[in-house]
Amino acid sequence: DPASVLADADIEAAADGIARSAFANCGQMCMAVKRVFVPAATQLQLFRTSRPPIWDLPEISCGQATSL
């Protein structure tokens with residue numbers, strides 16, 4: 001699903017909302033953001049502001065998700 005960021009948007013809030021939507025429930029939601037429409041003049045600023053929250057997590061290892 002797309003997200004639209006308008007020219008007068010709060011870029012930090014938009015970046016946060018996009019990342020939260022994309023990663024909510026591990027991205028396994030039918031309404032997770034998959035693409036972003038943004039004016040060319042705002043594109044670089046949004047790109048530099050975007051940091052998916054998963055990058056801020058401490059390093060972890062995940063074992064088997066199911067047991068036999």
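Strands here are DSSP runs of E with at least two residues, numbered from the N terminus. By that definition Phe 37 lies in strand β2. The model shown in every view is predicted.

**View 1. Order of the elements in the protein chain.** The protein chain holds 2 helices and 2 strands. Read from the N terminus, these elements follow the order β-α-β-α. The chain has 68 residues, of which 18% count as buried. Among contacts with a separation of 6 or more, 74% join residues that are 24 or more positions apart.

**View 2. Phe 37 in strand β2 and its contacts.** Apart from residues up to four places away in sequence, Phe 37 touches Pro 2, Ala 3, Ser 4 and Val 5. For one of these residues, Ala 3, the C-alpha atom is separated from that of Phe 37 by 6.1 Å. Along the chain, Phe 37 and Ala 3 are 34 residues apart. The relative accessible area of Phe 37 is 46%, so the residue is partly exposed; the upper limit of that class is 50%.

**View 3. Val 38 in the loop between β2 and α2.** Strand β2 spans 35-37, and Val 38 is found in the loop that leads from this strand to α2. With neighbours within four places in sequence left aside, Val 38 is in contact with Val 5, Gln 43 and Leu 46. The C-alpha atoms of Val 38 and Leu 6 are separated by 6.4 Å, although the two residues are 32 apart along the chain. Val 38 has 22% relative accessibility and therefore counts as partly exposed, since buried means under 20%.

**View 4. The largest nonpolar core.** This core has 8 residues: Ala 3, Val 5, Ile 11, Ala 14, Ala 15, Ile 18, Val 33 and Leu 46. Helix α1 gives the most to the core, with 4 residues. One of the core residues, Ile 11, is in contact with Val 5, Thr 42, Gln 45, Leu 46 and Thr 49, leaving aside neighbours within four places in sequence.

**View 5. Packing of helix α1 against helix α2.** The axes of α1 and α2 (residues 40-49) are 9 Å apart and make an angle of about 60 degrees. The angle makes α1 oblique to α2, because roughly perpendicular starts at 65 degrees and roughly parallel ends at 35. The crossing of the two helices is right-handed. On the α1 side the contact is made by Ile 11, Glu 12, Ala 14, Ala 15 and Ile 18, and on the α2 side by Thr 42, Gln 45, Leu 46 and Thr 49.

**View 6. Thr 42 in helix α2.** The relative accessible area of Thr 42 is 7%, so the residue is buried. Its contacts, with neighbours within four places in sequence set aside, are Ala 7 and Ile 11.

**View 7. The salt bridge between Asp 16 and Arg 20.** A search of the whole structure finds 1 salt bridge. The side chains of Asp 16 and Arg 20 form a salt bridge with an N to O distance of 2.9 Å. Both residues lie in helix α1 (residues 11-23), 4 residues apart, which is about one turn of the helix. Asp 16 has a relative accessible area of 39% and is partly exposed, whereas Arg 20 counts as exposed at 55% relative accessibility. The two residues fall into these classes because exposed means over 50%.

Note on methods. Residues numbered from 1 in each chain as written. Predicted model: local features only at pLDDT ≥ 70, side-chain atom pairs only at ≥ 80, totals over all residues. Heavy atoms only, no water. Salt bridge = Lys/Arg side-chain N within 4 Å of Asp/Glu carboxyl O. Buried < 20%, exposed > 50% of the residue type's maximum accessible area, 1.4 Å probe, protein only. Core = buried A, V, L, I, M, F, W, Y, C linked by side-chain atoms within 4.5 Å. Contact = heavy atoms within 4.5 Å. Axes fitted to C-alpha atoms, helices over the stretch in contact; angles between N-to-C directions. Parallel < 35°, antiparallel > 145°, perpendicular 65-115°, else oblique. Left-handed = near helix turned anticlockwise from the far one by under 90°.
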